[in-house]
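Student: Pick one part of this thing for me and look at it closely, then follow it outward to whatever it leads to. I'd like one connected story rather than a list.

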Amino acid sequence: MDKNQKIIHLIAAARPNFMKIAPLYHELKIRPWADPRIIHTGQHYDHNMSDAFFLDLDMPQPHIHLGVGGGSHAEQTGKVMMAYERVVLEQRPDLVVVVGDVNATLACSLAVTKVTLEPPLEIKGEKWRRPVLAHLEAGLRSFDLEMPEEINRMVTDTLADVLWTPSADGDMHLRREGVADDRIVRVGNIMIDSFEMMRERIMSEAVVDALGLEPGKYGVATLHRPSNVDSAGVLSGLCDVLQRVSKDYKIVFPIHPRTRQRLLDFGLMVALERNPSICLLEPQNYIRFMGLVANSRFVLTDSGGIQEETTYLGIPCLTLRENTERPITISEGTNQLCNADNVEDKLNQVLSASFSEPRLLELWDGRTACRVADSIANLLF
Ligand code: UD1
C-alpha cells in the first residue's frame with residue numbers, strides 16, 4: 001500500500017448494501033489517494049444473497065470477511081461490534097462508510113465512534129482518536145420505531161460525522177433533529193449509479209424469455225419484512241392476494257430465505273407451488289432481478305430499494321407497508337402504499353392510469369459515487 005493513500009472501509013453486510021457500495025468502490029479505485037477496502041460482516045451469507053451480487057457488480061472478494069452470520073438483532077449487532085473493532089484497531093482506516101439501515105450499519109457505527117486509536121490518526125492536521133464515520137443514504141425516516149431499520153438509521157445519523165443524503169427530505173429530517181448544516185451533504189441516490197453502471201447487461205438479460213414471460217405482461221412480487229412474513233395470518237392474507245392477482249397477470253416471485261422458511265413453517269408453500277400462474281424463484285442476482293423488474297407491468301413489494309428503482313424506471317409499484325422512509329417515491333414517483341385489503345383496487349387504478357414514464361429526480365443521475373468521493377476528499381485533505 002502507498003503510504004500517502006487513505007484507507008477507506010466500505011461496510012457491506014446484507015443484500016441491499018452491495019448495490020450501494022459497488023459504485024463507490026469502483027469510483028474510489030480510480031482516485032489515486034484512496035485505498036478502498038470492502039468489509040463484509042456476513043449477515044447475508046447464501047451464494048445468491050451475497051456472492052452473486054459481488055460477481056454481478058464486478059466487485060472483488062471482500063478484503064475482510066467477519067463471518068458473523070445470522071442471529072437475533074442483539075446477537076448480530078454485538079458480534080459485529082466485537083469483530084469489527086479488532087479490524088479497526090489493526091487496519092486504522094481514516095474513514096469508514098456505512099450504508100443504509102441494516103444491523104451492521106448500526107454495529108459498525110457504534111464500534112467506530114467508541115474505539116480509541118493509539119497513536120491517533122492525523123486528518124487535516126488534527127489528531128483523530130477514531131476514524132471519520134460517514135453515512136451513505138442518511139436522513140431517511142419512516143417514523144415507525146417498530147421497524148428495526150428506523151432505529152438503525154436514527155442512531156447512525158446521530159453518530160456519523162458526515163451525512164450523505166439522497167434527497168431533500170433527508171436533509172429536512174436531519175435539520176429538524178438538530179444536525180448542523182455542515183454535516184449534511186446531498187449526494188443523490190447511489191442505487192441509480194449501480195443501475196446505470198449495469199444498464200446494458202440488465203437490458204440484454206435473457207431471463208424474461210427464459211421464464212416464458214412476455215415483457216409488460218407480468219408482475220414481480222417480493223416480500224421479506226418481518227411485519228409481513230412472520231405472522232401466519234398476515235402472510236396467508238398476502239398469499240391470497242398473489243393468488244387473486246395471478247388470475248389476471250403472471251406473477252414472478254423470487255423468495256427471500258426468511259419468507260421461504262415462513263411459507264414452509266405455516267404450510268403456505270404448496271398452494272403457491274400448485275399455481276401455474278405464479279413462478280416461484282430463488283432470490284435472483286442483481287442483473288437478473290433488475291431485468292425482471294425493468295420489463296414488468298408492475299411490482300408488489302415491501303422492499304425499500306425497489307420503491308426507488310421502480311420510480312426511476314417508471315414502473316408502477318405497490319408497496320405492502322403502512323409507511324415508507326422513501327416518500328419521494330410516492331410524491332414524485334410511481335409508488336403507492338397498500339395492504340392486503342386494498343391492493344387489487346390500487347392495482348386496477350395504477351394499471352388503468354396513463355402510461356408511467358421514468359422519473360428524473362434531482363441527483364438520481366448515476367453520478368452519486370463521484371460526488372461521494374469528492375466529499376471524502378474534502379473531508380480528508
Ligand atoms: C435484512 C435487513 C433488512 C433488509 C433485508 C434485505 C436488518 C435489521 N434487516 O433483513 O433491512 O431489507 O436484510 O434482505 O438488518 N438468511 C439466510 N441466508 C442469507 C441471509 C439470511 O438463510 O443469506 C436467513 C437468516 O438466517 C434469517 C433470515 O434469513 O433466518 C433473515 O435474515 P436477516 O439478515 O436476519 O434479516 P433480513 O430479513 O434479511
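**Helix 17 and the salt bridges**

Tutor: Let's start with helix 17, residues 368-380: its 13 residues should span 18 Å at 1.5 Å a residue, and its end C-alpha atoms are indeed 18 Å apart, so expectation and model agree. Keep in mind that this is a predicted model. As for cover, the buried residues of helix 17 include Thr 368, Ala 369, Cys 370, Val 372 and Ala 373. Further along, Ser 375, Ile 376, Ala 377 and Leu 380 are buried too.

Now step back to the loop ahead of that helix. Glu 362 pairs with Arg 186 in a salt bridge, with 3.2 Å between the closest N and O atoms. Arg 186 belongs to strand 9 (residues 184-186), while Glu 362 is in the loop between helix 16 (343-352) and helix 17, so this pair ties together parts 176 residues apart in sequence. What about cover here? Glu 362 has 57% relative accessibility and so counts as exposed, whereas Arg 186, at 30%, counts as partly exposed. Another salt bridge joins Arg 175 to Asp 181, where the closest N and O atoms are 2.5 Å apart. Arg 175 has a relative accessible area of 44%, so it is partly exposed.

Those pairs belong to a longer list, as the whole structure holds 27 salt bridges. For a buried example, take Glu 325 and Arg 153, whose closest N and O atoms are 3.6 Å apart. Glu 325 sits in the loop between strand 14 (317-319) and helix 15 (328-331), and Arg 153 is in helix 5, so the two tie together parts that are 172 residues apart in sequence. The cut-off for buried is under 20% relative accessible area. Glu 325 comes in at 1%, so it is buried, and Arg 153, at 2%, is buried as well. This pair also has company: Glu 325 and Arg 153 are part of a salt-bridge network that also links Lys 20, Asp 101, Glu 137, Glu 150, Glu 308, Arg 321 and Arg 326.

Arg 153 brings us to helix 5, and its surroundings have a greasy side. Leu 145, Ile 151 and Met 154 make up a nonpolar surface patch, with about 260 Å² of accessible area together. You'll find Leu 145 in the loop between strand 7 (132-136) and helix 5 (148-159). With a relative accessible area of 56%, Leu 145 is exposed.

Then there's the ligand. It has 17 residues around it, and those that come nearest are His 44, Tyr 45, Glu 149, His 224 and Arg 258. For polar contacts, His 224 puts a polar side-chain atom 2.8 Å from an oxygen atom of the ligand. Gln 43 does likewise at 3.0 Å, and an N or O atom in the side chain of Gln 76 is 3.2 Å from a ligand oxygen. The ligand has 740 Å² of accessible area on its own, and the protein covers 83% of that.

For a last stop, set helix 4 (residues 103-114) beside where we began. Its 12 residues reach 17 Å from first C-alpha to last, close to the 16 Å expected. Helix 4 is mostly covered, with 10 of its 12 residues buried; among them are Asn 103, Leu 106, Cys 108 and Val 112.

Methods:
Residues numbered from 1 in each chain as written. Predicted model: local features only at pLDDT ≥ 70, side-chain atom pairs only at ≥ 80, totals over all residues. Heavy atoms only, no water. Patch = residues over 30% accessible without salt bridge, like charges linked within 9 Å, V, L, I, M, F, W, Y side chains within 5 Å. Areas by Shrake-Rupley, 256 points an atom, 1.4 Å probe, with all protein chains shown as cover. Salt bridge = Lys/Arg side-chain N within 4 Å of Asp/Glu carboxyl O. Helix = DSSP H or I, 4+ residues; strand = E, 2+ residues; numbered from the N terminus. Buried < 20%, exposed > 50% of the residue type's maximum accessible area, 1.4 Å probe, protein only. Near = heavy atom within 4 Å. Polar contact = N/O pair within 3.5 Å; in protein donor to acceptor, adjacent residues only side chain to side chain. Expected span 1.5 Å × (residues − 1).
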